[in-house]
Amino acid sequence: MAITTAKRPADLYESRKGEFLVSTDRSRLDLNLIHHFLTGCYWAKGIPRKTVARSIEHSLCFGMYNADKQMAFARVISDYATYAYLGDVFVLDPYRRQGLGKWMMQCIMAHPWLQGLRRWSLLTRDAHMLYAQFGFTPLKAPERYMEIHNPRVYSPTAVQE
Ligand SMILES: CC(C)(COP(=O)(O)OP(=O)(O)OC[C@H]1O[C@@H](n2cnc3c(N)ncnc32)[C@H](O)[C@@H]1OP(=O)(O)O)[C@@H](O)C(=O)NCCC(=O)NCCS
């Protein structure tokens, strides 16, 4: 049977709420802002700018904007058929606790290319109750999961170790 080549996800998936816009338009993303946040956060500390750029290039990215100024981000790594990984979710501090993180999650979960998947996964240190509202649960069978985790991959001495 021939494999049909599905189109890449539509570049433009947008939703508006008051003065805020969620968009998957990669050209709108503020790489400096995203890198600045991620290189200081607990899960990607020290990540190089070029690594962030590469991750954006190969992900379905969701930016949130207030008058064209980016203030939130998330990205999804997926085959758009069976599986999706959600990562690098953040809302800048001044915009937190007003429902914007939940709205961005609603936009992500409603994206037409991310429907009917067999599995979603993510990792979080303390935002479990955010994701639980969208159906995420703790691992039902953690003994089935394996990983390669290199927590020092971005540290300056990592190559010598
Ligand atoms: C997590 C984050 C994206 C939430 O964004 P937000 O806009 O403040 O979230 P909202 O206002 O939409 O509300 C989040 C909901 O999740 C709940 N929640 C649970 N754990 C939370 C946590 N650690 N942080 C924020 N919200 C949390 C809140 O109580 C709220 O639910 P409720 O309205 O039913 O009470 C934001 O706090 C953030 O960027 N944090 C720093 C980066 C981070 O930790 N990202 C997640 C990595 S997995």
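Two strands count as paired if DSSP finds at least two bridges between them. By that yardstick, strand 4 and strand 5 of this predicted model make an antiparallel pair, joined over 6 bridges. Within this pairing, Ile-77 sits across from Tyr-85 of strand 5. The hairpin that links strand 4 to strand 5 leaves 4 residues between the strands, and here Tyr-80 adopts a positive phi near 60 degrees.

Strand 4 has another partner to deal with. Strand 3, covering residues 60-66, also pairs with strand 4 in the antiparallel sense, this time over 7 bridges. Here Cys-61 faces Arg-75 of strand 4 across the pairing. The hairpin of strand 3 and strand 4 has 2 residues between the strands, and Ala-67 takes on a positive phi near 50 degrees. As for strand 4 itself, which spans residues 69-78, the picture is one of cover: 7 of its 10 residues are buried.

Turning to the ligand, a shell of 15 residues surrounds the molecule, with Arg-96, Gly-101, Thr-124, Met-129 and Leu-130 the closest of them. Strand 5 (83-91) turns up again here, as one of the elements that supply at least two residues of the shell. Helix 3 (100-110) and helix 4 (128-132) do likewise, each giving at least two. In character the shell is a mixed bag, made up of 7 nonpolar, 4 polar and 4 charged residues. Strand 5 thus appears in both parts of this account, as the antiparallel partner of strand 4 and as a contributor to the surroundings of the ligand.

Notes: Residues are numbered from 1 along each chain as its sequence is written. This is a predicted model: local features need pLDDT of at least 70, side-chain atom pairs count only at pLDDT 80 or more; totals for chains, interfaces and linings use all residues. A residue is near a molecule or strand if its C-beta atom, placed from the backbone, lies within 6 Å of it. Ala, Val, Leu, Ile, Met, Phe, Trp, Tyr, Cys and Pro count as nonpolar, Asp, Glu, Lys and Arg as charged, and the others, Gly among them, as polar. A residue is buried if 20 or more other C-beta atoms lie within 10 Å of its own, exposed if 12 or fewer, and partly exposed in between; C-beta atoms are placed from the backbone.
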